[in-house]
Every structure is written in C-alpha cells, then in structure tokens.
Amino acid sequence: MFGIVRHLNRRNHASASNARSLTDAWTRALGTLCVVEGSGAGELDAAAKATMVCAQKHLPKPIWAVVASRSGAGGEDLAKSVAGLEGVEKVVVAETEGGFLAEPLSAVLHSLVGKQDPSHVVTGSSTFGKNLAPRLAALLDCAPVTDVTEVVDEKTFVRPIYAGNALSTVKFVGSGPVVMTVRATAFGSEKLESSGEAEIEQLGEEEKALMGSNLSEWVGEEKTESERPLLDAARVVISGGRALKSEENFKMLEELADQLGGAVGASRAAVDAGMCPNDMQVGQTGKVVAPELYVAIGISGAVQHLAGMKDSKTIVAINKDAEAPIFKIADYGLVGDLFTVLPELSAKLEALGYEKK
Amino acid sequence: MRVLVGVKRVIDYAAKIRVKPDGSGVDKANVKMSMNPFCEIAVEEAVSLKEKGLAKEVVAVSMGPQASQDTIRTALAMGADRGIHVVTDKELQPLAVANMFKSLVEKEDPKIVLLGKQAIDDDCNQTGQILAAKLNWSQGTFASSVVVGDDQEKVVVTREVDDGLETVSLKLPAVITTDLRLNEPRYATLPNIMKAKKKKIDKVTPEDLGVDVTPQIEVLHVKEPEARSGGVVVESVDELVDKLKNEAGVL
C-alpha cells in the first residue's frame with residue numbers, strides 16, 4: 001500500500017518536473033510488439049510460443065510481431081503461423097544472412113517501436129531474447145524486466161530471483177514501453193488461439209539499412225545435433241550428473257530418453273567433466289525446464305541445478321546417496337546404484353510398451 | 001589497452017537465502033557475502049589479458065555500500081591494478097549501474113569492459129547489454145572464449161547459445177559478458193592479498209558521475225516460492241514404474 005502511494009507521489013513529481021515523460025506516458029498506444037526468433041523449421045519454438053501466449057493472454061492488443069529469420073530458413077512459414085494467431089494485426093519479417101546480432105536487430109526494433117509506439121515489447125527468455133531485449137530497452141532508456149514468470153497486470157510482473165529461491169513482484173514505473181522477456185516454462189503450456197489473418201510485411205528501407213551495422217560480424221556456429229526433442233520443450237527430461245562417470249555411460253540416459261520420447265539434460269558437474277556439451281546443462285546458468293516428468297539420475301541436487309528444474313510436474317530422483325538434497329524435492333525417490341537401476345527401468349518400460357530404439 | 005572489469009558483491013552462492021517475513025526482500029544480515037561467480041570469471045579473463053601482454057591496466061569497479069570495497073580488494077588480489085568504488089547505500093538496478101559504467105568509461109577510456117553475464121542475486125542478465133547500447137559499442141554476451149586480435153582492432157568471441165556455440169567478431173571497443181566456461185578463476189594467494197591492500201581504490205558517488213539512480217522498477221514484495229510437497233522413497237524399480245503410471249499418470 002505504501003509502495004503504491006510512494007509510486008503515485010513519484011509520478012506526480014516526475015510529471016511536474018519532466019513534461020516529456022508525461023507526454024510519453026499519455027500518448028503511448030496500447031499494443032504489444034512481439035519478437036520471435038525463427039528456429040529454422042518454420043514453426044514456433046518454445047520461446048516463440050511463450051512470447052505469443054503471453055501477448056495473447058496477458059498484454060494489451062493489438063499484437064504486432066517481428067519474426068527474426070535467416071534468409072531461406074523458413075521465416076516466411078513462421079510469419080504465416082504467427083499471422084494466423086488471434087489478436088495479431090501485423091507481422092514484419094526481419095531477415096539476416098548469418099546469425100542474429102543484437103547490434104543491428106536492436107536498432108531495427110528501436111526504429112519499429114518509434115513508429116508503432118507499443119506499450120509493451122516482449123520476447124522469450126532464450127539466449128536470443130536475453131542478448132537482445134536489454135540492448136533494445138537501453139536504446140529506449142527504460143529498464144527491462146527479464147525472465148517474467150507471471151503477469152499480474154500490465155505494469156506488474158513476477159520474476160524469480162536468487163536462482164528461483166525467491167519470487168519478486170515488481171512494478172515498472174518508468175515512462176517508456178515495458179521491454180520484457182518471458183520464461184517458456186511459465187507460459188508455454190497454455191494454448192494459442194488462432195483465428196486471425198494478419199498482413200505480412202518485409203522490413204522497410206529505413207530498417208533494412210539498419211540491418212547493416214558494422215559493430216559486429218557473425219562468423220559461424222557449432223550446433224549440437226540431436227534428433228531428440230528440444231530440452232526446453234520436451235515432455236520428459238532425463239538428466240544425469242557426476243555419478244554417470246563417463247561420456248560412454250551418458251549413452252544409457254540417451255537410450256532411456258529415446259524410449260520415452262524425451263530429451264537429455266545434465267548437471268553442471270557432468271558438463272564440466274566433459275560427459276556432454278554445455279547446452280545440455282539444466283540450472284541457473286543453463287536451461288530452465290518444466291517437463292511433465294523430470295528424472296534426475298546421479299544428481300545430488302545443488303541449489304543451482306534445482307533452479308532449472310524444480311517446476312517440473314513430477315520429479316524422480318535415482319541416487320545412491322539417501323541424504324542427497326534432490327530427495328527433498330523429488331516426488332519419487334529411489335535409493336540405488338544407477339548402473340543396476342537403469343537397465344531394470346528400461347526393461348520394465350519396454351514391458352509397458354515403450355520400445356527401445 | 002585498458003580493461004574495465006565490473007564486480008558485484010552478492011550473497012555467497014552456497015548460502016541458503018531467507019526471505020524476510022514482511023516480504024520486503026531477502027535477509028542480508030549475517031549472511032556470507034562474496035564476489036558474484038560470473039564476475040570472478042570476468043576478473044580472471046581481464047588479468048589473463050594482461051598476462052598475455054594484451055592489456056596494460058586492469059581496473060576493477062564495484063558499486064554499492066562501503067562493504068563492496070572488500071569485493072574490489074579481492075579483484076586486486078587476483079591481479080587487477082587499481083579499483084574504483086562508486087559508494088552508495090541506495091538500491092542499484094542494472095540501468096543505473098550501466099549508466100554509471102558509461103560515465104566511468106568516458107573518463108577511463110578502456111577498450112574492453114568485462115562483466116559477468118548475470119548476478120546470482122537479481123538474476124537479471126542485463127547490465128552488459130545495456131552498457132553496450134548506451135556506449136553504442138558491440139557486445140559479446142555469454143562468452144566462453146575471447147580472442148583479442150593482435151592489432152587490437154577486433155575481438156573474436158565464442159558465445160554459448162541455446163543450441164550450441166556461436167562465434168562473432170566484434171569491433172573494439174566492446175563489452176563482453178562472461179559465461180561459466182570462459183575460464184577457471186585463480187585463488188588469491190596470501191602475498192597477493194597483502195599486496196592488494198596497498199593498491200589504490202578511488203571513491204566516487206553517483207552524483208559525481210552525474211547519474212540519477214532512481215529505480216524504474218519498484219519491488220512490491222518478495223516471497224518464497226511454493227514448497228514442493230514431500231515425496232516418497234520407493235523400494236524398487238517396479239514400485240517406481242507403478243507410481244509413475246498409476247499415481248502420477250506420466251507414463
């Protein structure tokens with residue numbers, strides 16, 4: 001209550017001393033600019049879906065979308081999918097030859113925000129969104145709100161702090177648009193409504209010119225190839241830790257994941273020991289997942305790891321150490337040696353009809 | 001060239017945090033504080049640039065209350081040459097921190113600003129990106145490798161992205177934020193800790209830097225997340241599969 005009174009006072013004070021911010025606040029149109037990254041398949045990935053769900057269910061309409069896509073990588077298809085969503089008024093395709101560099105893309109978005117004057121700009125809390133959104137917010141001289149897990153009202157949001165050990169409710173009291181990133185695990189499970197048919201445009205000449213920033217240059221990439229579902233969108237995640245001991249043994253997890261149609265994750269200890277690549281890491285510094293079933297195998301359950309998976313619907317822990325912290329949050333714990341438990345589990349699942357691949 | 005490195009004092013990563021009963025925040029009294037782990041990596045990278053002969057001077061910067069000076073001392077003991085402490089008891093958010101960094105950059109004229117990718121308290125992951133935009137510099141976020149060109153015109157940064165790694169070439173000056181895998185920070189030895197006590201730390205205030213630090217984001221309240229209800233320990237794989245199928249309904 002006091003917070004609100006203080007906030008109003010500050011607003012009154014600010015409007016008396018700063019006429020420009022008052023004008024901004026009053027003339028800003030209602031509407032949300034969504035930025036989605038084209039993953040290449042022409043479909044909405046987890047981050048893009050969460051972005052669109054958040055805009056559709058919780059933020060002011062109409063929705064304008066910018067689809068960031070690589071030339072020839074399905075950007076048009078993705079734009080069509082987005083254009084078919086309810087509430088979407090316009091879709092702009094921003095194409096690039098290499099990867100998405102924050103320097104030119106934030107400049108392009110800054111220009112589009114200037115023309116469209118949205119009250120909100122939203123993108124996913126992926127590495128793409130995290131790299132981009134704060135830069136765009138800075139160009140607009142407003143504070144970004146990152147990693148939002150709940151929209152309370154148009155200016156009030158919940159975001160986790162301290163590796164998810166506390167939830168902070170924050171109110172944006174700045175005068176620019178609210179530039180925010182949203183967690184896929186918090187919004188991705190809701191359904192998108194389709195019924196629209198928005199127009200799809202290419203970037204205008206002015207914005208096209210901005211795509212050619214000379215501050216940075218995309219050199220190349222090394223993607224982790226996998227036929228499994230993406231870690232942050234998988235229904236089932238099988239994760240391994242230090243106790244797996246080797247890269248070879250990690251294959252056991254891959255087999256189990258394939259049997260259940262899931263993805264494979266890892267603790268930082270497993271990544272640091274070279275058992276699997278970095279992008280498989282689940283935790284505060286890696287990916288945040290919330291699948292229906294999370295199986296933690298040989299993972300002790302350090303606070304940084306829990307930050308990345310504790311919102312999973314059902315958590316299973318398999319660990320030799322009955323005192324491991326993971327058992328405190330697991331719905332089902334099995335104390336035992338993973339090297340005997342896993343083959344048995346695999347056989348039992350096969351008996352239930354989950355075929356080995 | 002000169003490298004500016006930002007260090008933040010946060011609750012130690014291993015400490016269990018307590019939310020204050022009145023919901024005003026997290027209790028910081030009598031809790032172990034340390035340098036943010038991502039900042040340690042930034043300091044290590046800056047010092048190793050100096051050891052490779054690429055950087056002439058490494059300046060460690062921290063912003064916050066008097067106690068933040070300890071964090072700067074730690075950076076000095078790791079090998080930074082001098083420190084700048086922006087002293088304030090006010091709440092600082094990334095936008096204000098970046099604005100103050102911009103002001104320091106204009107005075108100190110570094111070619112690289114190294115920051116951690118995020119602080120483990122507010123988990124914002126914003127300051128480096130905001131600073132790069134404010135300076136109109138290039139940005140290399142979530143860096144797991146940093147290679148400065150011999151002519152010091154460009155830096156090649158490998159970035160950790162969602163589906164692997166990405167390499168970008170940035171025009172210097174640039175802002176780089178560190179990911180965990182960039183390096184293994186060194187421990188400060190006792191002689192170096194003693195030497196660090198003699199290194200200079202300049203003190204300035206936000207007012208000296210001409211920056212209004214008033215937050216644009218107001219924290220209404222902080223609460224603990226809902227605790228997961230305690231689970232059960234099953235005796236066998238059979239029982240586990242049965243529970244997953246018939247109780248949890250996930251199989």
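Helices (H or I, at least four residues) and strands (E, at least two) are DSSP runs, numbered from the N terminus. The views below show a predicted model, in which local features need pLDDT of at least 70, side-chain atom pairs count only at pLDDT 80 or more, and totals for chains, interfaces and linings use all residues. Residues are numbered from 1 along each chain as its sequence is written, chains are lettered from A and ligands numbered from 1 in the order in which they are written, and side-chain values use heavy atoms, with hydrogens and water left out.

**View 1. A cis proline sits between α3 and β2 of chain A.** P62(A) is found in the loop that joins these two elements. The peptide bond from K61(A) to P62(A) is cis, with omega near 0°.

**View 2. Chain A holds an open parallel sheet of 7 strands.** The order is β5-β9-β4-β1-β2-β3-β10; two strands pair if DSSP finds at least two bridges between them. At the edges lie β5 (145-148) and β10 (199-202) of chain A, each paired on one side only. Neighbouring strands are turned by 25° against each other on average, direction ignored. Axes are lines fitted to C-alpha atoms, for helices over the stretch in contact, and angles run from 0 to 180 degrees between N-to-C directions. Within the sheet, β1 (residues 32-37) and β4 (residues 120-124) of chain A pair in the parallel sense over 4 bridges. V35(A) has T123(A) as its bridge partner in β4(A).

**View 3. Helices α3 and α6 of chain A contact the sheet.** Contact means heavy atoms within 4.5 Å. Helix α3 (residues 46-58) of chain A packs on the sheet and touches β1, β2 (63-70), β3 (88-96), β4 and β9 (178-182) of chain A. Its direction makes about 170° with that of β1(A). Helix α6 (residues 127-139) of chain A lies across β1, β2, β4 and β9 of chain A. The angle between α6 and β4(A) is about 160°.

**View 4. The largest nonpolar core has 87 residues**. Such a core is a set of buried Ala, Val, Leu, Ile, Met, Phe, Trp, Tyr and Cys residues joined through side-chain atoms within 4.5 Å. Buried means under 20% relative accessible area, exposed over 50%, partly exposed in between (1.4 Å probe, protein chains only). M52(A), M180(A), M63(B), F101(B) and V113(B) touch the most other members. Helix α3 (residues 94-108) of chain B gives the most to this core, with 8 residues. Not counting residues up to four places away in sequence, the contacts of M180(A) include C54(A), L59(A), V122(A), V145(A) and F157(A). Another core, of 43 residues, lies apart from the largest one. Its members include A55(B), V58(B), V155(B) and V157(B).

**View 5. Helix α4 of chain B is largely enclosed by the rest of the structure**. Why? Because 9 of the 9 residues of α4 (residues 127-135) of chain B are buried. Polar names appear among them, including T127(B), Q129(B) and K134(B). The buried residues pack against α6 of chain A, and also against α3, β6 (112-116), β7 (138-148) and β10 (174-178) of chain B. N136(B) follows the helix, with a positive phi near 55°.

**View 6. Chains A and B meet through 86 and 74 residues, respectively**. The area buried between them is about 7,000 Å², of which carbon and sulfur atoms give 54%. Buried area is the accessible area (1.4 Å probe) that two parts lose on being put together, summed over both. Across this interface the rule finds 6 salt bridges, each a side-chain nitrogen of Lys or Arg within 4 Å of a carboxyl oxygen of Asp or Glu. D163(B) and K223(A) meet in a salt bridge, 3.3 Å from N to O.

**View 7. A80(B) is a buried loop residue**. The loop runs between α2 (68-78) and β5 (82-87) of chain B. A80(B) has a relative accessible area of 0%. A60(B) is 20 residues away in sequence, yet the two C-alpha atoms are 6.3 Å apart. Other contacts of A80(B) include V47(B), V58(B) and K199(B).

**View 8. Three loops of chains A and B carry local backbone features.** The peptide bond from L172(B) to P173(B) is cis, with omega near 5°. P173(B) is found between β9 (164-171) and β10 of chain B. D117(A), between α5 (102-116) and β4 of chain A, has a positive phi near 55°. D117(A) counts as partly exposed, at 22% relative accessibility. N30(B) lies between β2 (9-11) and β3 (33-35) of chain B. Its phi is positive, about 55°, although N30(B) is not a glycine. N30(B) counts as exposed, at 83% relative accessibility.
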